[in-house]
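Biologist: Hi! Could you walk me through this structure? I'll ask as we go.

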Amino acid sequence: MAMTTNGSSSKLIRSFVHRVKSSPTTTLTTPRFRSAQRTTINTTATTIFPTPPPTPPTTTVVPDHSRDAIFDFEDTKGLFSSVTTGKLLRSAANLNLAAVEPVVDMGVWVMKSRLMQVGLFREIVLGVIKHTSYEHFVAGADTEETGRTVKKLWESGLRGMLDYGLEHAIDNESCDINAQEFIKTVESTQSLPPSSVSFVVVKITAICPISLLKRVSDLLRWEYKNSSSTNLPWKLKTLPIFSESSPFYHTLEKPSPLTPEEEHDLELAHQRLVKICNKSIESKVPVVIDAEDTSIQPGIDYFTYSAAVMYNNGEKPLIFGTIQAYLKDAGERLYATKKAADQMGLPVGFKLVRGAYMSSESQLANSLNVESPIHDSIIDTHNCYNDCASFMLDEVSNGPGGLILATHNLESGKLAAQKARNLGIGKDSEKLEFASLYGMAEAMTFGLRNAGFGVSKYLPFGPVDQIMPYLLRRAEENKGLLSSSNLDRQLMMKELKRRMKGYVGQGFEESERSFKSDAGSIVKLN
């Protein structure tokens, strides 16, 4: 995808990015965002970030900087050198199965149907899932199994981002249980090789009741549009959450203030996050907070940025937020938050993704007869992602902060890697981490690893029945990721053929040696 502006570029891109016509070799250029409102706050918290990762015990990757190319997909032997043939066979089979849309549609229908309430049928389906999609996309049932997956990744030159498969909580009791699970996840990193876990993923929807998050989001939206007449006594110091182009149609009427009980529940949710962050400091592993849909994202950003104010200090952030580039306001919000943090001397970290709620966001906007918050085309989303990546790479190359580029898009990975290399941002800088879902974008993962960058795999884990919602999303989203999985399938099959030829050839050589040995023995006997 070219990084030039044309008539199909989104309104947001035209408003905050200056583009120039590029040569056939595309590069990431520095985007220029609109100036944003800035806030100043003080913080004295300390931050601990993982020490530079030592060389993994069995795999030493020597980056080749003599070439401009990031990926070398011709050399499948080098690309999949750390993958066993059995693993390669299973991965190729699962990806080929997931690429057949009728099969995926049937699987999704079955998992959502009432048939799953029938005991025997449910056991059969879960058994099939466990040995197919589950083994391919999920790191394990618990921290022990996931730890073994992390060690295998570490030995192959990769790291893991631990994501315990928890969904939305509805009450304080379930929130308390979920918070303890997150704490246990952080604690589990202490038994693993140092720095083999790059991040622990936390979902605010699992530690704060979803109904309360909606209430907080409504009040924050109303305050932004009516700041002079709105008072939020419970609000902590935070960073910018909105821009002028953010969607506000979720809150059409002035919401009532939080009740004393709701304020108490909000404080409980905040304390849960504090306990998780304290444990992450103790364990020296940073936290990244996942994003959700726009109805509750303001509340999630509020938790994220208020925690960043409390804990981020120095050069390396402890708390990372998530920016979804498929949203039209993504670039403006990223710029506003980063510049406000710079003004107060606060390092901030972002995970940059494209987004996963396109259908529901568009459906809600259509039902309300308002403009969708999602970019008008996939090209606009790609442009926004690449522009945000370029902006943050420039920022972290010359100052504090951190960036996680979570993508399966080969072009985005290549452009960002080229720019990072030009800026001197390598694995040892600890400022950039590429990431992709476990079981997906393997060719890009190993290619970036071989090019000398830090790369992590997003590792969801949990019991099969608990992680079903995650598997459903993976199954549905995979249909839109065929460009990435298709490359993986092609390269995996190429490597499997190469290995098979090697095995056959080796068999012929051994047979020939055996024949010559036998012949020699016969000659001696005669």
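Biologist: How many residues apart are D342 and K338 in helix α11?

Modeller: Being four residues apart in helix α11 (residues 330-343), D342 and K338 are separated by about one helical turn. Helices here are DSSP runs of H or I with at least four residues, strands are E runs of at least two, and both are numbered from the N terminus. Before we go on, this is a predicted model, where local features need pLDDT of at least 70, side-chain atom pairs count only at pLDDT 80 or more, and totals for chains, interfaces and linings use all residues. Residues are numbered from 1 along each chain as its sequence is written, and side-chain values use heavy atoms, with hydrogens and water left out.

Biologist: Thanks! What do the side chains of D342 and K338 meet in?

Modeller: They meet in a salt bridge, at 2.6 Å from N to O. That term means a side-chain nitrogen of Lys or Arg within 4 Å of a carboxyl oxygen of Asp or Glu. As general background, an α-helix has 3.6 residues a turn, so residues three or four places apart point the same way.

Biologist: And is K338 buried or exposed?

Modeller: K338 counts as buried, at 2% relative accessibility, while D342 is partly exposed with a relative accessible area of 30%. Buried means under 20% relative accessible area, exposed means over 50%, and partly exposed is in between, using a 1.4 Å probe and protein chains only.

Biologist: Which residues are joined into one network by salt bridges that share partners?

Modeller: That network consists of D163, K203, D290 and K351. Within it, D290 and K351 form a salt bridge whose closest N and O atoms are 2.6 Å apart. D290 lies in the loop between β3 (287-289) and α10 (297-311) and K351 lies in strand β5 (residues 349-353), so this pair ties together parts that are 61 residues apart in sequence. D290 is buried at 10% relative accessibility, and K351 is buried at 5%.

Biologist: How many salt bridges does a search of the whole structure find?

Modeller: The search finds 25. One of the salt bridges joins D176 and R272, with the closest N and O atoms 2.7 Å apart. D176 sits in helix α7 (residues 172-188) and R272 in helix α9 (residues 260-283), so the pair links parts that are 96 residues apart in sequence. D176 is partly exposed at 40% relative accessibility, whereas R272 is buried at 5%.

Biologist: Switching topic: how much space lies in the second largest pocket?

Modeller: About 830 Å³. On a 1 Å grid over the protein atoms alone, a pocket is an open set of points with protein on both sides within 12 Å along at least five of seven lines, a cavity is a set where a 1.4 Å probe fits but cannot get out, and lining residues have an atom within 4 Å of a point. Grid points are joined across faces, edges and corners, and a volume is the space filled by probe spheres set on the points.

Biologist: Which residues lie closest to the centre of that pocket?

Modeller: Of the 34 residues that line the second largest pocket, the closest to its centre are K87, R90, T149, K152 and Y438. Helices α3 (85-98), α5 (119-137), α6 (143-155) and α15 each supply at least two residues of the lining. By class, the lining has 11 nonpolar, 13 polar and 10 charged residues. Ala, Val, Leu, Ile, Met, Phe, Trp, Tyr, Cys and Pro count as nonpolar, Asp, Glu, Lys and Arg as charged, and the others, Gly among them, as polar.

Biologist: Why is α15 largely enclosed by the rest of the structure?

Modeller: Because eight of the nine residues of α15 (residues 442-450) are buried. Among them are M444, F446 and L448. Just after α15, G452 takes a positive phi of about 100°.

Biologist: Which residue in the loop between α12 and α13 should I look at?

Modeller: N369 is found there, between α12 (358-367) and α13 (378-398). N369 has a positive phi of about 60° although it is not a glycine, and N369 is exposed, with a relative accessible area of 72%. E430 is not a glycine either and has a positive phi of about 65°; E430 is in the loop between α14 (410-423) and β7 (432-437).

Biologist: Last one: how many cavities of 30 Å³ or more does the structure hold?

Modeller: Two. The second largest cavity has a volume of about 110 Å³, and α10 gives the most to its lining, with three residues.
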